[in-house]
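Here is a friendly walk through one protein chain, meant for someone seeing it for the first time. Keep the picture open while you read.

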Amino acid sequence: MTIEKFEIISTVGQKLSARLDLPTDGAPVAYALLAHCFTCSKDVKALYHIARVLTRHRIGVLRFDFTGLGESGGDFADTSLATNVQDLVAAAESLAARFEAPKLLIGHSFGGAAVIAAAAMDSCKAVVTIAAPADPRHVARTLGPAAETIAARGEATVKIAGRTFTLRKRFLDDLRGLDPEDLLANLNRALLVMHSPRDEVVGIENASRIFQAARHPKSFVSLDTADHLLSDPADARYAGSVIAENETVYMVMNYLQGDT
C-alpha cells in the first residue's frame with residue numbers, strides 16, 4: 001500500500017496527525033476511518049496490518065491519533081468519548097474535502113465505542129468493532145480507586161500500560177451520560193462485531209451484548225486465540241480480511257462500488 005501523511009484540524013483547532021493508506025492498484029472503491037484503542041495511537045502495529053489488508057481490497061484507510069495522543073496536538077486530560085467522536089467527525093470531513101467521505105468506520109477497543117457513537121454521520125454505511133466494550137463505562141471501572149479520586153478532586157494521574165496520563169472529571173461525567181444500548185438499537189448501520197474469547201481486557205461477553213442490542217444487518221466473527229491488542233500480526237491480518245470479505249460488510253461495499 002501507499003502511505004501518505006494526512007493532517008486533520010479538530011473542531012477546537014488542534015492538529016491531528018494521520019496516515020492515509022491507499023491501494024497501489026487503482027483508486028479506492030471506498031474509504032474507511034480506523035480508530036485506535038484507549039491511550040494508543042494510529043501507529044499500533046495491529047492497525048497497520050488491518051489497513052494493509054484493506055488496501056489490497058481497494059479500500060482506502062485513514063488512521064489518526066486522537067487529540068493529545070501520538071503525534072496529535074492538544075491535552076489528553078481534556079478529552080473524553082465526546083471529543084473522540086468530534087475528532088472522528090473532523091477526520092471524516094477532512095477526508096471528504098480531499099477525496100471522499102468515509103463509508104466504513106472501524107474501531108478497536110475504546111475506539112469501537114467511539115465509532116458506534118459517531119456512526120450517525122451521513123456518509124457512514126457500516127461499522128466494525130474489534131474487542132470493543134459494550135458499555136464505554138468499562139474504562140472507568142478499570143481505573144479502580146483513581147476513579148474516586150477523579151470524582152472527588154476533579155482529576156488524577158493514572159498509569160495505563162506502563163505510561164502515565166492525567167484524567168479529569170469531564171471524562172467520567174461524559175461516560176455517565178451515555179445510553180449504549182440506545183445507541184446500538186438505533187445504529188441503523190450494517191454492523192460487524194469481532195472479538196476473541198480469550199480477551200482478558202475486555203471480555204467476550206461484551207461482544208454478545210453489542211450483538212444482541214443491535215438490529216440487523218449484523219454479524220459476529222470470533223478472533224479465536226487473539227489477545228486484546230491483536231499483537232500477533234497474523235491475527236490482525238485475519239481481522240482485516242474478515243472486514244473486507246464479511247458478508248454483512250461486503251454487501252454494503254458491493255453496493256458502494258456501484259455508486260463510485
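What follows goes from the whole chain to its cores, then to a few helices and some single residues.

**The whole chain**

Bear in mind that this is a predicted model. The chain holds 10 helices and 10 strands. Measuring along the principal axes, the C-alpha trace spans about 55 × 40 × 35 Å. How does the radius of gyration fit with a compact globule? A compact globule of 260 residues would come out near 18 Å, and the chain has 17 Å, so the two agree.

Plenty of the chain is tucked away: 56% of the 260 residues are buried. The accessible surface adds up to about 11,300 Å², and carbon and sulfur atoms own 48% of that. Contacts also reach across the sequence. Among those with a separation of 6 or more, 68% are between residues 24 or more positions apart.

**Two cores**

In soluble globular proteins, nonpolar side chains tend to be buried together. Here the largest nonpolar core has 57 residues, and Ile8, Leu62 and Leu88 have the most contacts inside it. Which element gives this core its largest share? That would be helix H2 (residues 81–98), with seven residues.

Ile8 is a good spot to zoom in on. Setting aside residues up to four places away in sequence, Ile8 touches Gln14, Lys15, Leu16, Ala18, Leu62, Phe64, Ala90, Ala91 and Ser94. There is also a second, separate core of 28 residues, with Ala46, Ile59, Val61 and Ala244 among its members.

**Three helices with a buried side**

Now look at three helices and the arc that the buried residues of each cover around the axis.

| Helix | Buried residues | Arc |
|---|---|---|
| H5 (145–153) | Ala146, Ala147, Ile150 | 105° |
| H6 (169–176) | Phe171, Leu172, Leu175 | 90° |
| H8 (205–213) | Asn206, Ala207, Ile210 | 100° |

Take H6 to begin with. Its buried residues are Phe171, Leu172 and Leu175. Seen down the axis, they stay within an arc of 90°, so they line one face of the helix. The cover over them includes H2, H3, H4, helix H5 (145–153) and strand E8 (163–168).

H5 has Ala146, Ala147 and Ile150 as its buried residues. These fall within an arc of 105° when you look down the axis, so they too line one face of their helix. Which exposed residues sit on the face turned away from that buried side? They are Pro145, Glu148, Ala152 and Arg153. The cover over the buried residues of H5 includes H4, strand E7 (155–160), E8 and H6. Just after H5 comes Gly154, which takes a positive phi of about 95°.

In helix H8 (residues 205–213), the buried residues are Asn206, Ala207 and Ile210. They cover an arc of only 100° around the axis, which puts them on the same side of H8. They pack against strand E6 (126–130), helix H7 (180–185), strand E9 (190–195) and strand E10 (218–222).

**Three residues up close**

Start with Ser109, in the loop between strand E5 (104–108) and helix H3 (110–118). Is Ser109 buried or exposed? Its relative accessibility is 9%, so Ser109 counts as buried. Its side chain makes a polar contact of 2.9 Å with the side chain of His228. Apart from residues up to four places away in sequence, Ser109 touches Cys37, Ile130, Ala131, Ala132, Pro133, Val202 and His228.

Next is Cys40, found in the loop between strand E3 (30–35) and helix H1 (45–56). Cys40 has 15% relative accessibility, and the cut-off for buried is under 20%, so Cys40 counts as buried. Beyond its neighbours within four places in sequence, Cys40 is in contact with Leu69 and Arg163. Cys40 and Gly111 are 71 residues apart along the chain, yet their C-alpha atoms are separated by 9.6 Å.

Last comes Ala140, which lies in helix H4 (residues 138–141). Ala140 is buried, because its relative accessible area is 16%. Not counting residues up to four places away in sequence, Ala140 touches Ala147, Leu172 and Leu175. Two of those names link back to H6, where Leu172 and Leu175 are buried, and Ala147 is one of the buried residues of H5. As for Gln212, Ala140 is 72 residues away from it in sequence and 23 Å away in space, C-alpha to C-alpha.

Key
Residues are numbered from 1 along each chain as its sequence is written. This is a predicted model: local features need pLDDT of at least 70, side-chain atom pairs count only at pLDDT 80 or more; totals for chains, interfaces and linings use all residues. Side-chain values use heavy atoms; hydrogens and water are left out. Helices (H or I, at least four residues) and strands (E, at least two) are DSSP runs, numbered from the N terminus. Buried means under 20% relative accessible area, exposed over 50%, partly exposed in between (1.4 Å probe, protein chains only). A polar contact is a pair of N or O atoms within 3.5 Å; within protein, one must be able to donate a hydrogen and the other to accept it, and residues adjacent in sequence count only if both atoms are side-chain atoms. Contact means heavy atoms within 4.5 Å. A nonpolar core is a set of buried Ala, Val, Leu, Ile, Met, Phe, Trp, Tyr and Cys residues joined through side-chain atoms within 4.5 Å. The arc is that of the directions from the helix axis to the C-beta atoms. The radius of gyration is taken over C-alpha atoms; the globule rule is 2.2 Å times the number of residues to the power 0.38. Accessible areas come from the Shrake-Rupley method with a 1.4 Å probe; for residues, only the protein chains shown count as cover.
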